[in-house]
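Subject: Structure for you to look at

Hello,

Here is the structure I promised you. Please open it alongside this email, and my notes follow below.

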Amino acid sequence: MRRFIPLLLSAYAVSCTTSGSHEATSGWSALMRADKVECSTWPLRDKDLQIDDLSWMSGHKPGFLLSGLKRDASPLHYFTPFDGDETVDPSTFVPLNLGAHAILLGGGSIGNQAVIVVAHNNSGKSTFDIRSLPNNVVKYKGDIGSYQVVEGSVAQAKGGLWLSLKSEDNIYHLVHINTQQPAKLSSKALPAPTFGDQPKVLGSATGGGATVLWKEGEAGKPLRLQELTADGGAEPPVTLDLQVSSQLESWSAISHAGAIYLALLDGDTMVGQAEVKVAAVYHGKTGTSVKWNKAVPLRDTHAQEPTLVATRDGLEVLVLNWIDEESTIARYKVAGASLGKPTYSGVFQKGARILEAFAGPDLKDAFVLTRNRGDKRSAYQLCKI
């Protein structure tokens, strides 16, 4: 038993929790005002070589899904549950044997059962299977289409799962999985719509349908919205009445309190001239309308794409700002039809990026998954902000 102790200590050492992820070295005023955050570096265990993808999985049993490589060049896949603590504990990792060329798309829930969705590329076509967690038992197999899947994601709806899949020709496709009868699953690969840019798919909280948003162009009114029904049908697309003054550099969307909220970076943050813009969109039987939008300037600082997160304190827009070698998360409260002045959380290293933002189990705290480039490979952190 003693020979395993150094390995265990090594694993826990790299997953230690720190007060903030980096100490500020510049005189940037935002860093001086930034609140400390608790972060845990995601560990590489003794047999792990690298992490290629780390994602958040919502649903009945929330947690994280990881894909990468082991030191023997075999694939690395595992799930780890999330209990509201930023500390990453390697003893909770649940290994997933998915096969040599499997693509772990994401996960969610079917009834009270946590599941993952895995894609497989075969000659001339692609398929997927749904597996239960934590025992990795295949519950359903379905067809995707006559293309090869490069990557994808899963959106949870009430009574359904929606797959957004990127093919080898950089086109995004949709697949709907009907879960209203957990013992009798079915699926439908949608021939249309397809997308040239990655869409945002928001699963319905009241039915098996979804709302899909995407952009066409960079300026004017580039954002589109389309409602997808639980049977895989689609309503006509709508152009959102939301003006982009300069260029749509990046954007995100979330369903919250009966509306769809959009966060945009309008301008060019690489030259430090942009706006953070937030809009509320109401979509229903009476039509689709942008009820309000607000913008605040983002001057003389670079920024990553905005992220939206909802806790019991309300909705926030998170924008990771950076100057030179350091960055911090600017947090904008969305209240009513207004956008508050930013507060700042954490001091992060050069190249940091927010991958995911989500609330803890009690909806009290907000968490982020971040990634930054190290000397040889990417490093990942889980932070409570």
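Start with one salt bridge: the side chains of Asp197 and Lys215 meet there, with N and O 3.4 Å apart. Asp197 sits in the loop between strand S14 (186–195) and S15, while Lys215 belongs to strand S16, so the pair ties together parts that are 18 residues apart in sequence. How accessible are the two partners? Asp197 is partly exposed, at 36% relative accessible area. Lys215 counts as buried, at 14%.

Before going on, a word on confidence. This is a predicted model. The mean pLDDT of the protein is 90, and 92% of its residues reach 70 or more. Residues 1–19 are another matter: the pLDDT over this stretch is below 50. The stretch still has 28 contacts in the model beyond near neighbours in sequence. Where pLDDT is low, the predicted coordinates should not be read in detail.

**The sheet around S16**

Strand S16, which holds Lys215, is part of an open sheet of 4 strands. The order is S15-S16-S17-S18, and the pairing is antiparallel. Which strands stand at the edges? They are S15 (200–203) and S18 (238–239). Each has a single partner strand, so one side of each is left without a neighbour in the sheet.

S16 covers residues 210–215 and S17 covers residues 223–228. The two pair in the antiparallel sense over 6 bridges. To find the register, look at Leu213: Leu225 in S17 stands opposite.

**More salt bridges**

The structure holds 11 salt bridges. Two others deserve a look.

One of them joins Lys277 and Asp266, whose closest N and O atoms are 3.2 Å apart. Lys277 lies in strand S21 (residues 273–284) and Asp266 in strand S20 (residues 259–268), so the pair ties together parts that are 11 residues apart in sequence. Are these partners buried or exposed? Lys277 is buried, with a relative accessible area of 5%. Asp266 is buried too, at 3%.

Salt bridges that share partners also join Asp129, Arg131 and Lys141 into one network. Within this network, Lys141 bonds to Asp129 in a salt bridge, the closest N and O atoms being 3.9 Å apart. The pair links distant parts of the chain, 12 residues apart. Lys141 is in strand S10 (residues 138–145), and Asp129 is in strand S9 (residues 125–132). Their surroundings contrast. Lys141 is exposed, at 61% relative accessible area, whereas Asp129 is buried, at 2%.

**The S21–S22 hairpin**

Strand S21, home of Lys277, forms a hairpin with S22, with 2 residues between them. S22 runs over residues 287–299, and the two strands pair in the antiparallel sense over 12 bridges. Val278 stands opposite Lys294 in S22.

**The disulfide**

How many disulfides are there? The structure holds 1. Cys39 and Cys383 form the bond, their sulfur atoms 2.1 Å apart. The torsion about the S-S bond is about 110°, so the disulfide is right-handed. The pair links distant parts of the chain, 344 residues apart. Cys39 is in strand S2 (residues 38–41), and Cys383 is in strand S31 (residues 378–384). Is the pair buried or exposed? Cys39 is buried, with a relative accessible area of 0%. Cys383 is buried as well, also at 0%.

**Ser327**

One last residue to look up. Ser327 has its place in strand S26 (residues 326–335). Ser327 is buried, with a relative accessible area of 1%. What does Ser327 touch, leaving aside its neighbours within four places in sequence? Its contacts include Trp28 and Leu31. Also among them are Leu320, Asn321 and Trp322. Gly346, Val347, Phe348, Gln349 and Ala352 are in contact with Ser327 too.

**Where to look**

If you are short of time, go to three places. See the Asp197 and Lys215 salt bridge. See the disulfide of Cys39 and Cys383. Then see Ser327 in strand S26. Keep in mind that residues 1–19 have a pLDDT below 50.

Best wishes

Terms used. Residues are numbered from 1 along each chain as its sequence is written. This is a predicted model: local features need pLDDT of at least 70, side-chain atom pairs count only at pLDDT 80 or more; totals for chains, interfaces and linings use all residues. Side-chain values use heavy atoms; hydrogens and water are left out. Two strands pair if DSSP finds at least two bridges between them. pLDDT is the predictor's confidence in each residue, from 0 to 100. Contact means heavy atoms within 4.5 Å. A salt bridge is a side-chain nitrogen of Lys or Arg within 4 Å of a carboxyl oxygen of Asp or Glu. Buried means under 20% relative accessible area, exposed over 50%, partly exposed in between (1.4 Å probe, protein chains only). A disulfide is a pair of cysteine sulfur atoms within 2.5 Å.
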